[in-house]
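Here is a friendly note to read alongside the model. The points go from one sheet to the other, with a few stops on the way.

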Amino acid sequence: MEVVFWGVRGSIPTPGKDFSVYGGNTSCVEIKFSDYSLIFDMGSGLKNLGDSLIERKVNNFDILISHFHYDHTCGLPFFKPAFLKESSFSLRGGRKDILEILDSQISSPSFPITIHEFKANIKYENFKVGDNFFLKKNIKISTLALNHPDGAVGYRVEHEGKVVCYITDHEHKENTKNTDLIKFIENSDLLIYDSTYKDDEFSNYVGWGHSTWQEGVRISNYSNVKKYFIFHHNPDNKDEDMKKIENESKLLGSNIVVAKEGMCVKI
Ligand SMILES: [Zn+2]
Ligand SMILES: [Zn+2]
């Protein structure tokens, strides 16, 4: 498996020179298998991923959606494979009304086209949050409800003894061990975790639905996570701020990485 970060920012894309090192596109992560790709979320990073899929001639893939806030869906209308007749893929999430939600997001007067102009064979599928299921190549997917306004789904991917967990957007409870989450991410080779805030500012943002990079360190330690990726960066954090977080996190462990757009990680 190879994990590729196409978008690592949270909440809103942040273009510009102050964000050029860590990246400005919102949530989109690809797991590449030999001739198949699994995609998490459709943030603005999905645009570049779509172009890459076409260039690489990959038309065997599925998309798992954490939730439907715009920073996780805004890339869909710019995803070129959706407009190709020869494309066929699934869009899955933890709600029954996936089609209705996306239809409402991509419609007049907010958007000039509708999802009915997509030419690809797209299957809109849902699951009960908490259930497990299998995708192609015997990839096991487990799901967990996260603590976020309007809800969000955390994913655990298992394939040939390797484990990747994608946990965003999620708010932790201070000084409380989330035993369900700790068990869910246990022994992950790679954890991608909502690290929007820092511990010392968290009290200002209770109820906003996000966690801190230090909480990611704590749950990684409880869960025997091999590599933890700080993800869903605060749009207020310029490269210099992200560098500070990176330096501070390195003091707590060599297995902590600040995700950068374009990063590829083999596991
Ligand atoms: Zn988000
Ligand atoms: Zn959200």
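**Notes for a first look**

1. Let's begin with a sheet. In this predicted model, seven strands form an open sheet in the order β6-β5-β4-β3-β2-β1-β14, and their pairing is mixed. At its edges are β6 (121-126) and β14 (264-266), each of which pairs on one side only. From one strand to the next, the twist averages 20°.

2. Next, the helix on this sheet. Helix α1 packs on the sheet and touches β1, β2, β3 and β4, with a direction that makes about 130° with that of β1. Within α1, which covers residues 45-55, the buried residues are Gly45, Leu46, Lys47, Leu49, Gly50 and Leu53. Some of that spacing is familiar: an α-helix has 3.6 residues a turn, so residues three or four places apart point the same way. The cover over the buried residues of α1 includes β1 (2-7), β2 (28-33), β3 (36-40) and β4 (60-64). After α1 comes Lys57, which has a positive phi, near 55°.

3. Have a look at the β6 side of this sheet too. Strand β5 (residues 88-93) runs parallel to β6, and six bridges join the two. One pair to find on screen is Leu91, which stands opposite Tyr124 in β6.

4. Now for another sheet. An open sheet of seven strands, again with mixed pairing, follows the order β7-β8-β9-β10-β11-β12-β13. Its edge strands are β7 and β13 (256-258), and each pairs on one side only. Ignoring direction, neighbouring strands of this sheet are turned by 20° against each other on average. Helix α5 (residues 239-250) packs on the sheet, where it touches β12 and β13, and its direction makes about 175° with that of β13. Helix α4 lies across β11, β12 and β13 and runs at about 160° to β12.

5. How many of the residues of strand β11 are buried? Five of the five residues in β11 (residues 190-194) are buried, so this strand is largely enclosed by the rest of the structure. Leu190, Ile192 and Asp194 point one way from β11, while Leu191 and Tyr193 point the other way; all are buried. You may like to pause at Asp194, which is among these buried residues.

6. Which strands pair with β11? Strand β10 (residues 162-167) pairs with β11 in the parallel sense over four bridges, and strand β12 (residues 228-231) is joined to β11 by four bridges, also running parallel. Tyr193 is a handy residue to follow across: it is the bridge partner of Ile167, and Tyr193 stands opposite Ile230 in β12.

7. The connections around β11 are worth tracing by eye. β10, helix α3 (residues 179-184) and β11 make a right-handed β-α-β unit. β11, helix α4 (residues 213-223) and β12 make a right-handed β-α-β unit as well.

8. For contrast, try a loop. Asn138 sits in the loop between β7 (132-135) and β8 (139-146). Is Asn138 buried or exposed? Asn138 is exposed, because 9 other C-beta atoms lie within 10 Å, and a residue counts as exposed with 12 or fewer. Asn138 and Gly10 are 128 residues apart along the chain, and 31 Å separates their C-alpha atoms.

9. Finally, step back to the whole protein chain. The chain has five helices and 14 strands. Its C-alpha trace spans about 50 × 40 × 35 Å along the principal axes. With 267 residues, a compact globule would have a radius of gyration near 18 Å, so the 17 Å of the protein chain agrees with that. Of the 267 residues, 44% count as buried. Among contacts in the chain with a separation of 6 or more, 67% come from residues 24 or more positions apart.

Terms used. Residues numbered from 1 in each chain as written. Chains lettered and ligands numbered in written order. Predicted model: local features only at pLDDT ≥ 70, side-chain atom pairs only at ≥ 80, totals over all residues. Buried ≥ 20, exposed ≤ 12 C-beta atoms within 10 Å, placed from the backbone. Contact = placed C-beta atoms within 7 Å. Pairing = 2+ DSSP bridges. Axes fitted to C-alpha atoms, helices over the stretch in contact; angles between N-to-C directions. Right-handed = clockwise from strand over helix to strand, strands pointing away. Rg over C-alpha atoms; globule rule 2.2 N^0.38 Å.
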